Amino acid sequence: MAAITSAGMIGAALADTAIVVSVGESRFAAKVANTETGRAFLDKLPLTISMAELNGNEKYAYGVSLPTSAQYYNTIEAGDLMLYGSNCLVLFYGSAGGYSYTRIGKLVSTAGLAAAVGSGSASVTFEKVVLNATIKMNGGKPEVGVDTNLPSSVTITKLAATALPAAESDWRDYAALSDMERAKCRFFKLNAEID
């Protein structure tokens with residue numbers, strides 16, 4: 001599960017290993033592996049590339065050089081984002097297997113992926129998650145506005161609050177606070193969980 005947080009009265013986007021993969025008007029949330037390869041991939045974002053068709057189950061593009069730690073996969077699933085060799089990015093929209101790849105990450109959901117990528121080449125954009133929050137007080141209650149590039153299937157799950165700038169352990173679930181505690185809150189953050 002990857003958590004994406006936006007904090008402060010006007011939050012700035014923070015994302016760990018979550019990304020958005022866009023094909024045309026379709027957007028998919030993905031999690032990048034917390035590995036040398038994954039971190040190097042994140043450093044290259046945003047990235048828009050034309051990916052060619054292969055075998056009726058994958059799109060690929062050469063020219064994205066990343067560190068490798070290839071291993072043999074008996075089974076590859078739709079949504080797997082892999083590196084073939086040291087510079088071939090592969091996005092699977094169907095199952096496969098029997099090849100050596102370095103795992104980059106995986107889409108959270110592949111619903112609509114095959115239709116989005118189509119049967120020919122496809123322009124695919126990989127970008128970091130944007131989660132900007134505008135939080136203002138109205139009669140002692142926070143009003144939250146959210147601007148994000150996450151797909152609509154990802155839910156913004158929790159509003160946390162604190163009275164003073166605080167360490168992560170001091171943030172509290174706003175819904176669980178008493179009215180007196182809520183009145184003291186001056187800093188807020190939103191969390192989105194990507195399963």
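This section walks through the fold, the nonpolar cores, two residues of one strand, and a surface patch.

The model is a predicted one, and the confidence scores are worth a look before anything else. Averaged over the chain, pLDDT comes to 84, and 84% of the residues reach at least 70. One stretch to treat with some care is residues 7–15, where pLDDT is below 50. Even so, that stretch has 27 contacts in the model beyond near neighbours in sequence.

As for the overall make-up, the chain has 195 residues, and its secondary structure amounts to 16 strands plus 3 helices. Buried residues account for 42% of the chain. Take the contacts with a separation of 6 or more, and 62% of them turn out to join residues 24 or more positions apart. The accessible surface adds up to about 9800 Å², with carbon and sulfur atoms contributing 50% of that.

On to the inside. In soluble globular proteins, nonpolar side chains tend to end up buried together. Here the largest nonpolar core gathers 28 residues, and Ile19, Phe41, Leu89 and Phe126 are the ones with the most contacts inside it. There is also a second core, separate from that one, made of 9 residues; among them are Ile135, Leu177, Phe188 and Leu190.

Ile19 makes a handy entry point to the 28-residue core. This residue sits in strand S3, and its relative accessible area is 0%, so it counts as buried. Setting aside residues up to four places away in sequence, Ile19 touches Phe28, Ala29, Ala30 and Val32, then Phe41, Leu42 and Leu45, and finally Phe126, Glu127 and Val129. With Ala29, 10 residues along the chain from Ile19, the C-alpha separation is 6.0 Å.

Ser22 belongs to strand S3 too, which spans residues 18–23. At a relative accessible area of 11%, Ser22 is under the 20% cut-off and therefore buried. Outside its neighbours within four places in sequence, Ser22 contacts Arg27, as well as Ser123, Val124, Thr125 and Glu127. Glu127 thus turns up in the contact lists of both Ser22 and Ile19.

Finally, the surface has a nonpolar patch built from three tyrosines, Tyr62, Tyr84 and Tyr99. Together these tyrosines have about 360 Å² of accessible area. Tyr99 lies in strand S10, which covers residues 99–107. With a relative accessible area of 44%, Tyr99 falls between the 20% and 50% limits, so it is classed as partly exposed.

Methods: Residues numbered from 1 in each chain as written. Predicted model: local features only at pLDDT ≥ 70, side-chain atom pairs only at ≥ 80, totals over all residues. Heavy atoms only, no water. Core = buried A, V, L, I, M, F, W, Y, C linked by side-chain atoms within 4.5 Å. Buried < 20%, exposed > 50% of the residue type's maximum accessible area, 1.4 Å probe, protein only. Patch = residues over 30% accessible without salt bridge, like charges linked within 9 Å, V, L, I, M, F, W, Y side chains within 5 Å. Areas by Shrake-Rupley, 256 points an atom, 1.4 Å probe, with all protein chains shown as cover. Salt bridge = Lys/Arg side-chain N within 4 Å of Asp/Glu carboxyl O. Helix = DSSP H or I, 4+ residues; strand = E, 2+ residues; numbered from the N terminus. pLDDT = per-residue confidence, 0-100. Contact = heavy atoms within 4.5 Å.
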